[in-house]
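Please open the model in your viewer and keep the sequence panel beside it. This tour goes from one selection to the next and says what can be found at each stop.

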Amino acid sequence: MTISSNARFATRFLLGASLIAVASPALAQDGTEEDAGLGEIVVTAQKREQNLQDVPIAISALSAEKVEQLGINDSRDLSGLAPNVTIVQGTTSSGAAVISIRGIPTPGSETFGLDTANGLYVDGIYIGRSGASALDVMDIERVEVLRGPQGTLFGRNTTGGGIAFISRKPSDELRVKAEAGYGNYGAWNGRITFDPGRILGIDTSFTYSHRERNGVVDNILQADKSRDPGARQSDAFRFAARTELGGTGSIQYIFDWSKTDAAPMNFQLTNVADGTIRAPIVVDGKPVVVTSGAAVQQYLAGATFAQAACRALATPTREWRDEVCNDISNSSMDKTWGHNLQVENDFEAFKVKLTAGYRFWNNDSNTDLDGIGAFRGPQFTNTTLFNGFPSALLQNLGFPAGTSNFLAGAAVPTVSQNLFDTNNQRRHKQFSQELEISGDTDTLDWVLGGFYFWEKGSENNPQNSGFVLDTNAAVFSDAAFVGVLRGVGFPATAAATFAPLLAPSFRATNPARYRLVQTLARLKYTATSESTAIYSQVTLYPGGRDSGLRLTAGGRYTWDKKSMFRTQNGAVASAAPETGKASFSKFTWNLMLGYDVADGISTYARVATGYRSGGYNAQDPINTTTNQLDAFKPENVTSYEAGVKTELFGRRLRLNVAGYYNEYKDLAVNIPRTDAPAGTFATRVGNAGKVTYTGFEIEAQAKLTQNFTLEGNLGYVDIKIKELLAGQSTTPGAPPVNVASISNPGYTSPFTANAALNFQFPLNWGDARLVGRVSYTYEDGKYSFSNIIGTPFNDLLKGDNRNVVDAQIGFDRIAIGGGEGEIKLWAKNLTNSHDFVRAIDFGALGYGGGYFADPRTYGVTVGIKF
């Protein structure tokens with residue numbers, strides 16, 4: 001979508017909202033007073049229950065009914081449901097998700113050294129790793145999406161925003177709810193929740209869920225559809241128990257467990273390099289070293305494929321394919337489980353709440369990262385370098401006739417190899433606890449708290465890649481051949497003299513110009529993190545709570561400690577462990593002003609700061625003089641925001657608008673390395689210097705009639721990278737070059753939009769209704785890396801603009817005995833749009849590709865509750 005079409009779309013949306021506003025007074029006359037308005041939305045974004053319209057921050061909330069209607073099972077299902085919020089899938093792990101809020105994404109890399117920028121919370125527990133952010137959530141009462149820095153009350157690493165899942169409390173009465181569904185790709189699911197009621201003063205709840213489906217792309221190298229890319233089988237269990245404490249408090253314990261056995265979406269080859277050496281590019285008058293891709297195009301053209309059907313798939317294309325050749329079957333096993341304890345009590349003068357959690361995440365994955373199957377071609381080894389060359393030419397190098405004849409008759413060895421495959425074992429555990437003390441008077445709300453977090457994660461990541469070596473350039477060029485001659489005994493002067501005379505003949509008679517170097521590497525490390533914070537926030541109502549004026553001030557001081565212990569980062573284990581330890585601290589604060597202009601119209605202004613801890617990138621080289629790893633710096637943000645929240649026409653129209661300007665310093669970004677060892681792909685974390693974000697957000701809900709409700713949102717963010725010191729100068733020893741002018745933000749959609757029409761019609765079956773929803777979501781295409789310096793295909797690999805239509809229709813409130821039943825038909829991606837959503841550019845390895853979103857899926861769900 002172009003800028004002009006973006007503007008037209010925004011204009012039409014705003015015009016539609018205006019028409020809704022005009023139409024609403026007349027429509028309001030059609031309903032009764034009891035059901036005329038939109039329902040109140042209660043949130044806990046400021047550590048207390050409040051009407052969403054009274055909270056002076058940009059926040060979206062989804063009720064339990066909406067969560068159930070939309071079929072939200074994990075954080076990835078929230079993409080597009082709030083302005084400036086997009087979520088893309090992981091690569092090697094089925095449990096990973098890259099969450100972007102207001103242009104700030106969580107790490108695309110699933111390393112343990114880099115913290116998330118958007119906090120994910122489940123019942124008050126911070127989920128420390130992006131790789132575990134797609135965990136199954138069940139029995140959800142509400143989802144809150146907070147946009148903008150939450151550096152005071154939520155604190156840890158919420159520079160972009162936060163997402164909070166809040167579960168339903170166990171019922172004190174008997175409650176049973178069950179559902180089952182079936183869909184295309186052999187999908188079926190079932191879920192049951194049972195609350196036995198209060199027994200011996202304890203309320204309990206049990207929930208079990210199962211989901212599975214076959215793959216959505218056919219791996220032609222294996223017959224089992226349940227192992228095709230996109231296949232998934234998950235089981236999850238949740239238990240909650242709650243008891244009252246003397247009528248003023250409660251204790252609640254929650255245990256959750258989930259296991260997902262999946263075949264992540266396949267990597268599709270879209271681009272290959274031809275080995276052309278890229279000259280340094282000039283950025284603002286300074287030459288910068290760039291990565292050149294290996295000659296994969298030529299090598300694949302001459303290779304023999306183990307399966308003939310896979311040869312066609314080795315031709316790169318951006319068009320979605322429904323077939324793939326994965327000779328290594330993609331798999332990802334994720335297990336997550338955890339304990340949550342909440343103790344709270346109201347002492348009248350103040351309230352106390354303790355939340356503690358202990359969580360685990362294990363991931364084992366095996367991934368084919370080329371999708372073209374195994375192939376066989378010439379292999380490079382030093383011992384077979386001269387195989388197949390003419391005997392007379394070899395005698396010019398001083399080889400005896402017998403030896404030269406033997407080498408001339410020897411074939412260049414071959415190897416069966418992939419372009420890239422990898423497996424990974426990740427283990428993670430975390431412990432956190434938070435103590436909140438809060439109170440309120442006629443003119444004051446206050447909260448005081450302390451937070452502690454500890455985590456430990458380990459990764460063992462073997463990699464197997466095939467690097468195409470152009471031997472005419474790397475071995476038999478005039479310059480390189482000097483070293484070859486020296487290696488067979490030529491004196492330095494003679495080597496320099498004869499190299500330009502002999503090298504052209506070797507290039508002309510080379511029996512295999514392109515040869516594959518099999519590169520085996522491993523990344524193995526353990527990382528730990530510890531964070532402690534204290535915080536406080538007060539809200540003053542100068543003229544009392546009914547005056548319409550409220551002033552809020554808050555602050556938080558955070559202390560972070562990070563360490564990394566690495567034993568291997570390459571082909572061989574390190575001679576000695578490579579370690580790093582670092583400490584960081586920061587005071588963050590916020591000031592907010594809220595004022596009710598009139599009944600149903602409130603305004604607010606906010607200035608807030610945020611902080612994301614520094615850390616270690618697991619793939620960075622050690623400091624050249626020691627075995628120490630250098631830490632990257634923390635990032636800091638200052639955010640300015642103003643907004644208007646309205647409820648008009650008898651609360652039949654809710655329209656909230658916000659504008660913001662964020663200034664980041666030392667923004668941490670993932671940058672492919674131009675100096676990675678030959679035949680490998682690695683990234684580093686760099687601090688971008690200064691980046692600004694300017695944007696706006698609109699959210700609207702309108703009750704058109706008693707039968708129709710319209711809702712939608714718009715989000716736009718303009719990101720300007722002011723400084724990105726990531727360019728390697730062509731001058732040895734020169735400082736890094738600022739490449740901001742050629743860089744783009746990653747994993748960010750500048751423009752997002754969502755609109756949905758909900759409808760309901762009563763039927764002549766008691767309370768039964770016909771219900772349905774049609775929604776449209778738009779997201780601008782996303783870059784996966786910053787620029788073309790280390791990722792030559794970055795511009796070509798930009799994601800597609802997404803236009804997604806979802807729909808559902810069904811019946812609910814159907815009387816069944818003493819309960820209610822429902823049946824629903826649903827479809828996602830109704831137009832079967834094949835959108836390219838995430839990419840990997842392997843830089844020097846010479847190829848790139850990526851991942852497509854799910855094709856159209858549809859099914860039927862039936863449910864019953866008592």
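Begin with the second largest pocket of this predicted model, which has a volume of about 1100 Å³. To find its middle, select T44, K47, E49, E344 and K353, which are the closest to the centre among the 44 residues that line this pocket. Then colour the strands that build the wall: β9 (140-147), β10 (161-167), β15 (232-245), β16, β22, β23 and β26 (420-440) each supply at least two residues of the lining. Which strand gives the largest share of that lining? The answer is β26, from which five of the lining residues come.

Two of the strands just coloured lead to the next stop. Select D256 in strand β16 (residues 249-262) and R359 in strand β23 (residues 351-368), and you will see a salt bridge whose closest N and O atoms are 2.8 Å apart. The two residues are 103 residues apart, and the pair links distant parts of the chain. Is D256 buried or exposed? Buried means under 20% relative accessible area, and D256 has 17%, so it counts as buried, while R359, at 9% relative accessibility, is buried as well.

Keep the charged side chains on display, for the structure holds 40 salt bridges. Move on to E647 and R654, which form another of these pairs, with 2.8 Å between the closest N and O atoms; both of these residues are buried. Next, select R773 together with E711, whose salt bridge has its closest N and O atoms 2.9 Å apart. Here R773 belongs to strand β41 (residues 769-779) and E711 to strand β37 (residues 708-723), so this pair ties together parts that are 62 residues apart in sequence. Both ends are again buried, R773 with a relative accessibility of 3% and E711 with one of 14%. Before leaving the charged groups, select R102, R147, E641, E697 and E699 in one step, since these five are linked in a network of salt bridges.

Now turn to the cysteines. How many disulfides does the model contain? The count comes to one, and to see it you should select C310 and C325, whose sulfur atoms are 2.0 Å apart. If you look along the S-S bond, the torsion about it is about -90°, so the disulfide is left-handed. C310 lies in helix α4 (residues 308-311), whereas C325 sits in the loop between β21 (323-324) and β22 (331-346), so the bond ties together parts that are 15 residues apart in sequence. Both cysteines, C310 and C325, are buried.

The last stop is a sheet. Select the strands β17, β45 and β44, which in that order make an open sheet of three strands with antiparallel pairing. The edge strands are β17 (268-272) and β44 (836-841), each of which pairs on one side only. As you rotate the view, note that neighbouring strands of this sheet are turned against each other by 30° on average, direction ignored. Finally, zoom in on β17 and its partner β45 (residues 847-852), which pair in the antiparallel sense over four bridges, and look for L269, which stands opposite G849 in β45.

Notes: Residues numbered from 1 in each chain as written. Predicted model: local features only at pLDDT ≥ 70, side-chain atom pairs only at ≥ 80, totals over all residues. Heavy atoms only, no water. Pairing = 2+ DSSP bridges. Axes fitted to C-alpha atoms, helices over the stretch in contact; angles between N-to-C directions. Disulfide = S-S within 2.5 Å. Buried < 20%, exposed > 50% of the residue type's maximum accessible area, 1.4 Å probe, protein only. Salt bridge = Lys/Arg side-chain N within 4 Å of Asp/Glu carboxyl O. 1 Å grid on protein atoms, 1.4 Å probe; cavity = no way out; pocket = protein on both sides within 12 Å on 5 of 7 lines; lining within 4 Å. Points joined across faces, edges and corners; volume = space filled by probe spheres on them.
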